[in-house]
Amino acid sequence: MDCSLIVNWLVRDRARLLGFIWTIVRDYTLCEDIFQEVVTLAMQKAESIENEQHLDGWARKTAKFKSLEALRNRTYQSACLDQDVIASLEEQWPNDAIERDEIEYLQACLEELTPRARHIVRLRYMEGLTGNQVADKLKVKVHSIYVALTRSYKTLESCIRRKKREAGAIG
Amino acid sequence: MNDQGNTNPVSGLDAHDDFLQLLIQYFDQTLAESEMKRLNSLLRSNAEYRRQLIRYSSCAWAIHEIGPLHEQESISVDTTNSGVTNQESWSTVHRFRLPAVAALIGLLVLVTSFLIFQTKPDDPERQPNTNARSLLLHQVTGDIRLIRADSSIEKALSGTKVAVGDTVTIGNDKSGAALVYQDGTRVVMVGNTTVTTGGKTGKQLVIHRGLIGAIVKPQPADKPLVFVTPKAKLRVRGTRFTVHADGGQTDLSVREGKVQLTRISDGHSIDVPGGKRAVTGSELNKLTLLALDTAPSEWSMDFENGLPSNWRCGIPVKGNKEAGFNGGVRADRKVQKDGVFFSICTPKLWKKGLFTSNADTHLHFRYKLNKPDWFQLFLSTRSFESNRPVVATYRFKIDKLWWPLRAGQWRTATIPLSAFGRVSDLSETPFSPDELPFELLFSSKDNDLSLVIDRIWITTGGPGRFDVKMENDQ
């Protein structure tokens, strides 16, 4: 596969691959580092990558390997998902991960959250604060942050589904 | 976990919510060992739970990526409000709830508008921030293509927006462009270069191949600008540097500041300070700091040993020592689209440049002609400065080079570089020492003047004006 096409594809669909990496390492900075490693390895192996489907599988496998390697090299090791569970997720990922059109809906759906919910979502996911840090900042118990995040996610999911249905109906 | 679908009277969450909350805590790294076991067990046993994790994780990462669009919001939080959906728009709510804030925003808008209208429209560093994620192409010269994230291809012009995921391709060695970030960071790309923007705000740049020069504004310590090449990763926090990358190696030269270079094959890193260079090379070699490989400010070529193999056009001419001629180069005939050209051209030294120049740099050459007619000198340059074109062509043309003429008479011309005028944009702007000459060309069109050059040399210092001296007839 052409090197430019490979990089283009990986960058275009980065949210899907980065979501997978994040599932394993749960650290935003480390995720970006691993993603960069995958991109550079893909550039080096461009000649042996046959097509987009091959690239998709290869990138996820390489990302898994690099993520686990990164976790092993960390001084502080928190409990991670079992390897057989990660392997099942790897297999199932292409079918269930959020699609590009859904990301567009997601952006619009964020506007439908209440200001408070949106603020918590922003602190946790956009700014990368932990649940405890968000709770400290807002002077509430961490449990109420988890509850708020759970509800916000459910709202976003149903909003995405609704927008997808509406787009399908129009289409 | 409540698998019965009942709602917990305290939290108000049902079984599905309960699993979601488990996931949220997993990603927050706060699960106890027993909860971790439970999560693994649920995920192992049921594809639907795995589907939920995949949806949640990819959705959460997508929100992380969306981030900058919402950074400007500030909010007073009503922590007692547990409602989630809200059909009123954010601006509507706050316009009525917070009149003082609205007044302040109004004032800010007025001040900002004033500043914007004071700004020159072509100044990319002071454009209004309409989209925090957009980068702009500026100083576009020649053939620049943009491969959009949706795989569509378009021709880029100055002012074209580049989104994260787009690939910029510089088509040929007469083309170049600058990618300008919101903070004023400039990444200048010249000839045969391909890059893809990545990262949340385009702050990761994948350099597939080619030559770039970057002037990077100070970056937050935890959010450096990252350049990735096939062989190296560069972390940059505020500096000026050039990097040349191809499949074989990455060659980094730092002018100011510091860049961390990490060789991808073995993970070895080195901090490269201003005035130093590092090359990835082979894994067998330790990464070391090298002196910058800069072009000399004085340069000479006398062709005594023939025509160097990297000269791009010209025919070697044997010398005649008795006649005071130790060998030279004759203009070579080339048929092109718009005519027949007779040319002598130096190597094209993109990366290093042919020579560096100062305000008083002069070009000299000893030559002879058999026919009197126009011939011109062209100097190709590149620059990373914002007030100069990324690539440009300058020309020197004067009839005194060939008139009056005695056929075969040796002459020596002296030309200050400042006498060259820019022709690539027809502006005739004088050459500036900010620019790095990378190729020199002597050429006549449709008429073979039998131009032979015995020697070309560059000096700093000189008369500051054009001069031609004629020697005795040969």
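Between chain B and chain A, 6 salt bridges are counted. The structure is a predicted model, and this briefing covers the contact between the two chains and the disulfides. The two chains bury about 7300 Å² between them, and 2 disulfides are found over all chains.

**Extent of the interface**

- The contact draws on 82 residues from chain B and 78 residues from chain A.
- The size of an interface is often expressed as the accessible area that is lost when the parts come together.
- For chain B and chain A this area is about 7300 Å², with 59% of it on carbon and sulfur atoms.

**Polar and charged pairs across the interface**

- One of the 6 salt bridges between chain B and chain A pairs the side chains of Arg124(A) and Asp28(B), with an N to O distance of 3.7 Å.
- In addition, 22 residue pairs are in polar contact across the interface of chain B and chain A, counting pairs with both residues at pLDDT 80 or more.

**The side of chain B that touches chain A**

- Elements of chain B that each supply at least two residues to this side include helix H1 (15-27), helix H2 (33-45), helix H3 (47-66) and helix H4 (90-97).
- Strands also take part, namely strand S7 (186-198), strand S8 (204-216), strand S9 (225-228) and strand S10 (232-236) of chain B, each with at least two residues.
- The element that gives the most is H3(B), with 18 residues.
- By class, this side of chain B has 31 nonpolar, 32 polar and 19 charged residues.

**Disulfide in chain A**

- A disulfide is a covalent bond that links the sulfur atoms of two cysteines.
- Cys109(A) and Cys159(A) are joined in this way, with an S to S distance of 1.9 Å.
- Cys109(A) lies in helix H6 (residues 100-110) and Cys159(A) in helix H9 (residues 142-170) of chain A, so the disulfide ties together parts that are 50 residues apart in sequence.
- The torsion about the S-S bond of Cys109(A) and Cys159(A) is about -85°, and the disulfide is therefore left-handed.
- Cys109(A) is buried at 1% relative accessibility, and Cys159(A) is buried with a relative accessible area of 1%.

**Disulfide in chain B**

- Cys313(B) is joined to Cys345(B) by a disulfide with an S to S distance of 1.8 Å.
- Cys313(B) sits in the loop between strand S17 (299-301) and strand S18 (315-317), while Cys345(B) belongs to strand S21 (residues 339-345) of chain B; the pair links distant parts of the chain, 32 residues apart.
- Cys313(B) counts as buried at 4% relative accessibility, and Cys345(B) is buried with a relative accessible area of 5%.

Notes:
Residues are numbered from 1 along each chain as its sequence is written. Chains are lettered from A and ligands numbered from 1 in the order in which they are written. This is a predicted model: local features need pLDDT of at least 70, side-chain atom pairs count only at pLDDT 80 or more; totals for chains, interfaces and linings use all residues. Side-chain values use heavy atoms; hydrogens and water are left out. Contact means heavy atoms within 4.5 Å. Buried area is the accessible area (1.4 Å probe) that two parts lose on being put together, summed over both. A salt bridge is a side-chain nitrogen of Lys or Arg within 4 Å of a carboxyl oxygen of Asp or Glu. A polar contact is a pair of N or O atoms within 3.5 Å; within protein, one must be able to donate a hydrogen and the other to accept it, and residues adjacent in sequence count only if both atoms are side-chain atoms. Helices (H or I, at least four residues) and strands (E, at least two) are DSSP runs, numbered from the N terminus. Ala, Val, Leu, Ile, Met, Phe, Trp, Tyr, Cys and Pro count as nonpolar, Asp, Glu, Lys and Arg as charged, and the others, Gly among them, as polar. A disulfide is a pair of cysteine sulfur atoms within 2.5 Å. Buried means under 20% relative accessible area, exposed over 50%, partly exposed in between (1.4 Å probe, protein chains only).
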